[in-house]
Amino acid sequence: MSANNATSALQFFMVPNAPEPVATFSHAVEAGNFVHVTGQMPTYPGEPERPIPTGIEQQTHRVMTNLQVVLTGLGLDWSSVVRAGAYLTHFEEDYARFNEIYSSYFPADRLPARTCIGVTALARGARVEVDLVAFRSIRSAER
């Protein structure tokens, strides 16, 4: 496949009802059967100026809800997720509670591969951000 064909196979998505980007990015990019979902922040769709929730519990639920909106908008769900990246600004303080909440969104026997990294800062002063890679099966691609 030539570089031009490879580039034309990419699909860039902005999902209706998903949060407004806090920077310059697409909500997701599909490359073949893999869908790369941009990291979501604990912001509120349709209310970009609304203060983000406080604490790791509320922020984690908000991030996961935002990811759900993007997945659903693309015809995918949590069972499609093969990899996640998680970023915590208060790693030692928030890691255990984040894991409890995060894992509740997946069946216990279908947890995606994941990396969780402590970072110094995130946009909007968030404590958590999560990005995903999902796999679109042939059946879900026929949407």
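Q: How far apart are the mean positions of the positive and negative charges of the chain?
A: This is a predicted model: local features need pLDDT of at least 70, side-chain atom pairs count only at pLDDT 80 or more, and totals for chains, interfaces and linings use all residues. Residues are numbered from 1 along each chain as its sequence is written; side-chain values use heavy atoms, leaving out hydrogens and water. Lys and Arg count as positive, Asp and Glu as negative, and His and the chain ends are not counted, with each charge placed at NZ of Lys, CZ of Arg, CG of Asp or CD of Glu. The chain has 11 positive and 14 negative charges, and their mean positions are separated by 4 Å.

Q: Which element gives the largest share of the largest nonpolar core?
A: A nonpolar core is a set of buried (under 20% relative accessible area, 1.4 Å probe, protein chains only) Ala, Val, Leu, Ile, Met, Phe, Trp, Tyr and Cys residues joined through side-chain atoms within 4.5 Å. The largest one has 27 residues, with F98, V130 and L132 making the most contacts inside it. Elements giving two or more residues include β3 (34–40), β4 (81–88) and β6 (128–135). The largest share, six residues, comes from α2.

Q: Which tryptophan does L132 touch?
A: Contact means heavy atoms within 4.5 Å. Leaving aside residues up to four places away in sequence, L132 touches V35, V37, L67 and L71, among others. Its list also includes W78.

Q: What percentage of the 143 residues is buried?
A: In soluble globular proteins, nonpolar side chains tend to be buried together. In this chain, the buried share is 40%.

Note on methods:
Buried < 20%, exposed > 50% of the residue type's maximum accessible area, 1.4 Å probe, protein only. Helix = DSSP H or I, 4+ residues; strand = E, 2+ residues; numbered from the N terminus.
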